[in-house]
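Reader: I'd love a close look at one helix in this model and at how the parts around the chain pack. Could you take me through it?

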Amino acid sequence: MGVLRVSLGCYIFFSVMFLTTVKTRKLCEGRNSWHSGSWELKFVLLLVSMALPFFFPSELVQIYGEIAHIGAGFFLLLQLVSVIHFITWWSKYWTPDEERKHRCSFGLFMSTLFYVASICGIVYLYASYASRTSCSLNLFFITWTAILLVVMMVVPLNSKVNRGLLSSGIMASYIVFLCWCAIRSEPATIRCETKNQEKNSGWITILGFLIAIFAIVMATFSTGIDSKCFQFSKNRVEHEDDIPYSYGFFHMVFSLGAMYFAMLFISWDLNNSARKWSIDVGWISTWVKVINEWFAATIYIWMLISPVVRQNKVMDNDGSLQETADSVMA
């Protein structure tokens, strides 16, 4: 309950920031100064926002916890779109052309490195978390991840897709990491770790959680300023005095991130208290990460094949129109 109250305080603060900056368009507006400055006043506002929920009734905080499940899910979706956008941009940056031929060798090296790392990660997962036949669930998770790796390697090499292996290699490493996080979130008694892993389980949990916290903060910040990849209209003309990113979207992402942090600390379960050094551990946390991994792979594969599907539909429509015209002429 204390975690939810702190999260609710952060959510209130970023919601206030969202409401006061959402319509900002120009750098000369007063709301731009409020977003970029006034740190003393915003610090006081943050303290007040975090103190208020401790006076709220438990029923209200419990309702916030239920809503936080949905907000945390939206945060994962936004983070996933931002990650795929970054991977696509990085892949295009290293794609060779007439002016950037010197990048071809480095791009090939990076794609090979990512795929080797992904394969090594799969081997490590099998050896560490699926060494016994009784670990059937881990075997399923890891095997399905390996299948997704193969699909993401084969699809870009298709002559109709022809997208190269760099972006798919980065995405492959990402879903292997998500699979490892999902297995690490399983209850310790069912995780099927080897003995050497069990001895260092506490330190690995602490280190992994600290890395996850850092990654989430960076992902929240980068997703917040990467509002352009979430725009439905790409034809908007930009001017010199326009703000560099959407301030309202930035604070909205941080408010959803506050909900996600709460779900991490309570392991997505409002009814059970987490044990010592068991942050983000439980079957709900495991399945959230597994579904996130599958969803990430599905979105990426669809992103690869969607242009081909659209092109085939256009060709089929043109063919049907031509047949109709021929029949009318006949």
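Author: Happily! Just after H10, Ser267 adopts a positive phi of about 55 degrees; helices here are DSSP runs of H or I with at least four residues, numbered from the N terminus. This is a predicted model, in which local features need pLDDT of at least 70, side-chain atom pairs count only at pLDDT 80 or more, and totals for chains, interfaces and linings use all residues. Residues are numbered from 1 along each chain as its sequence is written, and side-chain values use heavy atoms, leaving out hydrogens and water.

Helix H10 itself covers residues 247-265, and its end C-alpha atoms lie 27 Å apart, in agreement with the 27 Å expected for 19 residues at 1.5 Å a residue (the expected span being 1.5 Å times one less than the number of residues). Because 16 of its 19 residues are buried, H10 is largely enclosed by the rest of the structure; buried means under 20% relative accessible area, exposed over 50%, and partly exposed in between, with a 1.4 Å probe and protein chains only.

Now to the packing. The largest nonpolar core (buried Ala, Val, Leu, Ile, Met, Phe, Trp, Tyr and Cys residues joined through side-chain atoms within 4.5 Å) has 33 residues, with Leu125, Ile142, Leu149, Met152, Met171 and Ile183 making the most contacts inside it. Helices H4, H5, H6, H7 and H11 each give two or more residues to this core, and the largest share, 11 residues, comes from H7. Apart from it lies another core of 20 residues, including Leu256 and Leu4.
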